[in-house]
Amino acid sequence: MITSKNCVKSKKAHYMIFLIVLLCGVLSSLGIYFESANHIENDEKFSSMTFTRQLDDELQQYSSYASAIASLMQSTREQITPEHFAHFAQGLSAPSSVGFYFAQYVPSNKRTEYESSQKNILGSDFTIHPEGDRKEYLPIALGYPDKLSYGSDILSPLHKYLGAVKAARSSLTYTLSEPMIVSFPGWAESEFSDTFVIRLPVYLPVGLRAGKMTDSSGFHGIAGVYFRIDALLNSSGALNSRDLLYRIADVTSKSSPAWFSNSGNVSETTWNDGEYNTDYLSFAGRQWRIDTLYSANARPNISWGYVISPFIFFMVLACILAFYTRKFSLIYHSALAASTQRLEVDELTGLLSRYRVQQVLNELITDCKKEDKWLATLVLDLDHFKTINDAFGHEVGDKLLAKVAQRLTASLPNEAIIGYLGGDAFLAIVTEDDAQDMVKLKELVKEVILQISQSYFVDSRTLNIGCSIGVALAPEFGSDAITLIKNADMAVYQAKNSGRATYHFYDGEMGKKLVRNVRIESRLRHALANEEIELHFQPKVDIVTERCVGMEALLRWNDEELGAVSPAEFIPLAEQTGIILPLGEWVIEQALKHIVEWQEQGICVPPIAINCSAAQLKRVDFLPKLLDLLDRYKVDPGLLEIEVTESILIEDAEGCAELLRQISRLGIKLAIDDFGTGYSSLSYLKDLPFDYIKIDQVFIRDIIEDHNHAALTHAIIVLSHNLNLKVIAEGITNMDQLIMLQEFGCDIGQGYFFSKALGANSMGTDPMILALNQQDSL
Ligand code: C2E
Ligand code: MG
Ligand code: MG
């Protein structure tokens, strides 16, 4: 349902779509931004770790040189000459900027001996310096490339790094010095603490100490590897990426880092801002802090184009979608407005449309409830409008509808609401204020029927049409438009059933009736399929001799759920639903079967009349099927009679006349049933091949009391005889009726006075049939 709220919502839909799509764009761009930033951060961290790992690897490499020297000292029994040492050092393939030495342990008692042996080896003067008597000495004994330091005692109290040497001696493993300002011979002068020594104490196992100088624990000396930090950085490959800036500090025991190496291009503020990666390297008892940073021009920046592109894409998309949504919403709303406008009034009749009249009805019902008043819903349905449409075309039909609408408007009070429901149905709402009471309402309804039923002049033709009206009162029989119209519809249906050109007030019973009808329909289908129905036969009697002259086959149905259902109830339903076609065929076949059976039992069978509905006769295959059955059961057509009601003649007199003639030519007698209740006149029947007129039982029922009915019956009998038609009176229930009909000259009688309808098995025992057989045998 379209409400104003929904309308406003759908009008703002384009804003919503714009914002939602734009939000998607913002989220996508943010996602890409964070992804890129994360990527860059990881990239920087990785570079920092690589830098540190390369330094660590190189330091490991340098320490392996110290190990090599230690192994040389441990493994060689002879005195190693400087040439031998140089040769060995070169063989290590160390970077040229790295220096090596071995400081030899010399106890004070061996000093002189040692100095003289060194003199011999070196071929030059050798003294341990600085001068002075000490308990033990640790002079540089071998060096490469530097030989000038030979004899320099690193255990001398004057030695700058005595503490570190002592620590190295007792450590049993590598020690790395703190950054030192040392200028080894041959090296460029440096004023920075940028030099390091890796020291490894050399201990000799007991078996190798013979002839060598060691202390009691086997300490033989210290193997040293010295280098500048720049050399380490260069040889490690850490500087390969020139875009990576760095600074390194020894933080082993210092609270604030002492930077010993710095790539220098980074401003102090950048370092202070902390936009760098910090890593720590622990090696040989010392810890270095390494900060790295991409140089400003090399820093992988976030690609803003890449980040912004989804936002731009979504923004364009949002604009396009919002534009088209707005466009379509405008078209939709204008179409909706137009169709709502159109729906208000019906173009053909100028009355309110079905939709609008329902709305108004709902509103009026609410008002009525509030004011404790009633209103009447009238559904007016034209009788036989289809015939006019078929005969003169839809254009004439439409013009007639417009004229009916005008006349309806004129015949109802000004305040009445009138609408067109479609087809040939109209709806009028009359309130208590307009009609005042039920008597006045009924008069109004009658007046409407009268007015609508007056002739119309359309396209130079005079047209006559009747109408039926169904009335449903609110709030008693419906508290909403749909229920009320449905109930009025049911009432109009009832009005049509009770002979058209009349009205009916819905009384609540109709709904129940409808439910029963639905049940009857479904049970009847079931009964037919399972042969739960049967034929009974009611004798027809010669009114003078009282001899049986025929029998009428009548359907009997005793349903296990519904009980006995009268054909008067189920035959009209079978006609409406089409079940009458298979049912009618079954009746004919069943009647023929019984005739054959009785004949086989030797019973003299009078003609059997079957009832045929209009729907059956209208089928083109009615006659072929009848012939086929007669042929199959080999029954004399003279033993069959057919009863039809007048309705068939009203609907299609011409088509029907031909069929009746063909049936008559076969020798099958024809009767017009229920005569007097329809519209056909005797003169009309004179050209049709009927043999009998059956006067409806409503005339016979009160023929004694009602002089009009008696006179009418008498007139029908006289006129029928003039037309060579025999007359059958239906529903004779007493002697008086019989005597009067005898006096009128009626030919045949049928009714409970003679016999009710009998089951097929009673034929052999029924006195009337027995009498007939006896007379026949006489
Ligand atoms: P109908 O053809 O006019 O049949 C006569 C009806 O009057 C039967 O009602 C019958 O039982 C009843 N009747 C006969 N004598 C009396 C009497 O003395 N007093 C009263 N009150 N009623 C009497 P039934 O059997 O209920 O059938 C009703 C209608 O159903 C039939 O009226 C006929 O139109 C229709 N019908 C019955 N069987 C068939 C059928 O096989 N085919 C068709 N198409 N219609 C059938
Ligand atoms: Mg009948
Ligand atoms: Mg009848």
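Let me begin at the metal site: the magnesium ion that is ligand 3 is coordinated by Asp673 and Asp674, each through OD, and by Glu730, which appears twice through OE, at 2.1 to 2.5 Å. Please keep in mind throughout that this is a predicted model, and that the distances I quote are computed from its atoms. Along the sequence, the donor residues of this ion follow the spacing D-D-x55-E. There is also a second magnesium ion, ligand 2, which sits 4.0 Å from ligand 3, and aspartate 673 coordinates both ions.

Now, are the two neighbouring aspartates buried or exposed? Aspartate 673 has a relative accessible area of 6%, and is therefore classed as buried, since the cut-off for that class is under 20%. Aspartate 674, with 25%, counts as partly exposed, because that value falls between the 20% and 50% limits.

Let me move from the metals to ligand 1, where some of these residues return. In total, 22 residues surround ligand 1, and the closest are Arg556, Asp673, Gln697, Glu730 and Tyr752, of which Asp673 and Glu730 have already come up as donors to the magnesium ion, ligand 3. As for individual contacts, arginine 556 places a polar side-chain atom 2.8 Å from an oxygen atom of ligand 1, and aspartate 673 likewise has a polar side-chain atom 2.8 Å from a ligand 1 oxygen. For aspartate 674, the corresponding distance from a polar side-chain atom to an oxygen of ligand 1 is 3.1 Å. Taken on its own, ligand 1 has 780 Å² of accessible area, and the protein covers 83% of that.

Which elements give two or more residues to the shell around ligand 1? They are strand 20, residues 548-559, helix 16, residues 567-577, and strand 24, residues 669-675. Strand 20 gives the most, with four residues. Sorted by class, the shell holds eight nonpolar, eight polar and six charged residues.

I would like to finish with another aspartate, number 706, which lies in the loop between helix 22 (697-701) and helix 23 (707-722). A polar atom of the aspartate 706 side chain lies 3.2 Å from the backbone nitrogen of histidine 709. With a relative accessible area of 23%, aspartate 706 is partly exposed. Finally, for a sense of scale, the C-alpha atoms of aspartate 706 and phenylalanine 323 are separated by 84 Å, the two residues being 383 apart along the chain.

Notes
Residues numbered from 1 in each chain as written. Chains lettered and ligands numbered in written order. Predicted model: local features only at pLDDT ≥ 70, side-chain atom pairs only at ≥ 80, totals over all residues. Heavy atoms only, no water. Near = heavy atom within 4 Å. Polar contact = N/O pair within 3.5 Å; in protein donor to acceptor, adjacent residues only side chain to side chain. Areas by Shrake-Rupley, 256 points an atom, 1.4 Å probe, with all protein chains shown as cover. Nonpolar A, V, L, I, M, F, W, Y, C, P; charged D, E, K, R; others polar. Buried < 20%, exposed > 50% of the residue type's maximum accessible area, 1.4 Å probe, protein only. Donors = N, O, S within 2.8 Å, 3.2 Å for Na, K, Ca; no water.
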